[in-house]
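Subject: Structure handover

Hello,

Here is the structure I said I would pass on to you. Please open it first and keep it in view while you read the notes below it.

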Amino acid sequence: MNIPIKNLHCFVTLAETGSFTQAAEKLHLTQPTLSKMIQRLEDHWQQQLVIRATQGLALTQAGELLLARSREILGHWHLLDQDLSHLSGVQRGYLRLGVCPMMSSLVIEHLTAFRARYPGIKLEMFEYGGFGCEQALLANTLDIAFTALPATHEDELTAQPLTAYPLLACLPHSHPLAEKAALDWGDFGSYPFIMYNQDFALAKLLDRLAKKAGVELNVAYRSGQWDFLATMVEAKMGLAILPAPICEKLTDKALSFRPLTGGHTWDLALIWRSHMRLTPAADAFLSLSRERLKTSV
């Protein structure tokens with residue numbers, strides 16, 4: 001029996017959601033239909049792939065192996081599909097683009113320029129933190145992604161730097177540190193710190209910089225939303241560090257911003273898998289980004 005590509009896609013979706021209900025909704029299938037597709041896979045290999053339980057599901061050893069191989073197969077199938085679609089030029093196709101939530105407003109010009117040049121390419125965006133984008137790329141569920149450097153999987157990913165923005169300390173107007181012209185890492189040690197979610201590349205960067213300076217940040221709260229993070233600072237729940245473009249959006253809040261000693265920056269880049277060739281659509285997106293980078297210098 002031949003296994004349709006669709007069955008492997010359904011299995012990967014089930015493994016990633018961890019729920020027959022969520023996977024069926026995402027795939028626009030009924031749960032009985034999805035269950036039958038998984039059962040066919042198990043019957044074909046005569047291996048149990050999924051352990052069903054009341055609190056969710058888990059993959060067996062065979063299921064974990066099939067998940068890894070299915071991701072590889074689906075990634076190569078997607079590349080083949082895109083290559084065949086673009087034999088006559090980059091006129092139509094499908095681009096799976098990862099975007100970190102904090103960057104959405106900063107990359108909109110890239111997206112509109114790409115849409116104007118390649119109107120026939122369907123652009124699907126997925127929001128993840130920096131680490132989430134890396135994981136999705138390595139799992140072949142994204143073609144290319146915007147993120148902040150440095151990447152965690154630098155040996156498996158290639159990066160095209162785009163731009164860099166200063167990082168600024170964010171504190172209430174009335175805070176004692178607001179009297180200083182610039183803050184160093186030692187200034188943060190005595191106060192609660194409001195950090196980004198752990199899958200954000202910026203969170204990993206701040207942790208690394210603080211530890212390099214010999215400071216252990218007292219992380220009191222985490223958030224993936226920069227506006228909520230700033231609101232917590234305004235409410236005197238702690239201090240934070242924000243990229244300059246984000247600070248510029250916070251003029252309605254009673255906040256002060258100070259540079260960091262050492263001039264640290266938030267470095268934005270496009271990343272993709274080093275071991276797999278880009279799809280024509282992703283390559284076109286990268287080329288356009290490089291063109292825009294040259295004209296902005």
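How do the residues of the lining of the largest cavity divide into nonpolar, polar and charged? They come to nine nonpolar, one polar and no charged. Before the details, please bear in mind that this is a predicted model.

Cavity

A search of the whole structure turns up one cavity of 30 Å³ or more. About 60 Å³ of space lies in this largest cavity. If you want to find it, its lining consists of Cys100, Pro101, Met102, Met103, Gly130, Ala148, Phe200, Ala201, Leu202 and Trp266.

Pockets

The largest pocket has a volume of about 730 Å³. It is lined by 25 residues, and the closest to its centre are His9, Thr13, Arg96, Phe126 and Thr141. Several elements take part in this lining: helix H1, helix H2 (20-27), helix H4 (61-85), strand E3 (93-99), strand E4 (121-127) and helix H6 (130-138) each supply at least two residues. H1 provides the largest share, seven residues. Sorted by class, the lining of the largest pocket has 10 nonpolar, eight polar and seven charged residues.

The second largest pocket has a volume of about 240 Å³. Its lining is made up of 13 residues, and those nearest its centre are Leu106, His110, Leu162, Thr163 and Tyr165. Here at least two residues each come from helix H5 (108-117), strand E6 (157-172) and helix H10 (280-296). H10 gives the most, with four residues. Seven residues of this lining are nonpolar, four are polar and two are charged.

Annotated domain

The UniProt record, an unreviewed entry, lists residues 3-60 as "domain: HTH lysR-type". Over residues 3-60 the chain is 62% helix and 14% strand. The C-alpha atoms at the two ends of this stretch are 19 Å apart.

Helix packing

Two packed helices are described by the angle between their axes and the distance between the axes. Two pairs are worth going through in that way.

The first pair is H1 (residues 5-17) and H3 (residues 31-45), with axes that come within 10 Å and cross at roughly 110 degrees. H1 and H3 are therefore roughly perpendicular to each other. On the H1 side, the contact is made by Lys6, Asn7, Leu8, Cys10, Phe11 and Leu14. On the H3 side, Leu34, Met37, Ile38 and Leu41 make the contact. By class, this contact has eight nonpolar residues, one polar and one charged.

The second pair is H2 and H3, with axes that come within 9 Å and cross at roughly 100 degrees. That angle makes H2 roughly perpendicular to H3. Phe20, Thr21, Ala23, Ala24 and Leu27 of H2 meet Gln31, Leu34, Ser35 and Ile38 of H3. The contact of H2 with H3 has six nonpolar, three polar and no charged residues.

If you select the H3 residues in your viewer, note that Leu34 and Ile38 appear in the contact with H1 and also in the contact with H2.

Regards

Methods
Residues are numbered from 1 along each chain as its sequence is written. This is a predicted model: local features need pLDDT of at least 70, side-chain atom pairs count only at pLDDT 80 or more; totals for chains, interfaces and linings use all residues. Side-chain values use heavy atoms; hydrogens and water are left out. UniProt positions are given in the numbering used here, feature names are shortened, and annotations may be inferred rather than shown by experiment. Axes are lines fitted to C-alpha atoms, for helices over the stretch in contact, and angles run from 0 to 180 degrees between N-to-C directions. Angles under 35 degrees count as roughly parallel, over 145 as roughly antiparallel, 65 to 115 as roughly perpendicular and the rest as oblique. Contact means heavy atoms within 4.5 Å. Ala, Val, Leu, Ile, Met, Phe, Trp, Tyr, Cys and Pro count as nonpolar, Asp, Glu, Lys and Arg as charged, and the others, Gly among them, as polar. On a 1 Å grid over the protein atoms alone, a cavity is a set of points where a 1.4 Å probe fits but cannot get out, and a pocket is an open set with protein on both sides within 12 Å along at least five of seven lines; lining residues have an atom within 4 Å of a point. Grid points are joined across faces, edges and corners, and a volume is the space filled by probe spheres set on the points.
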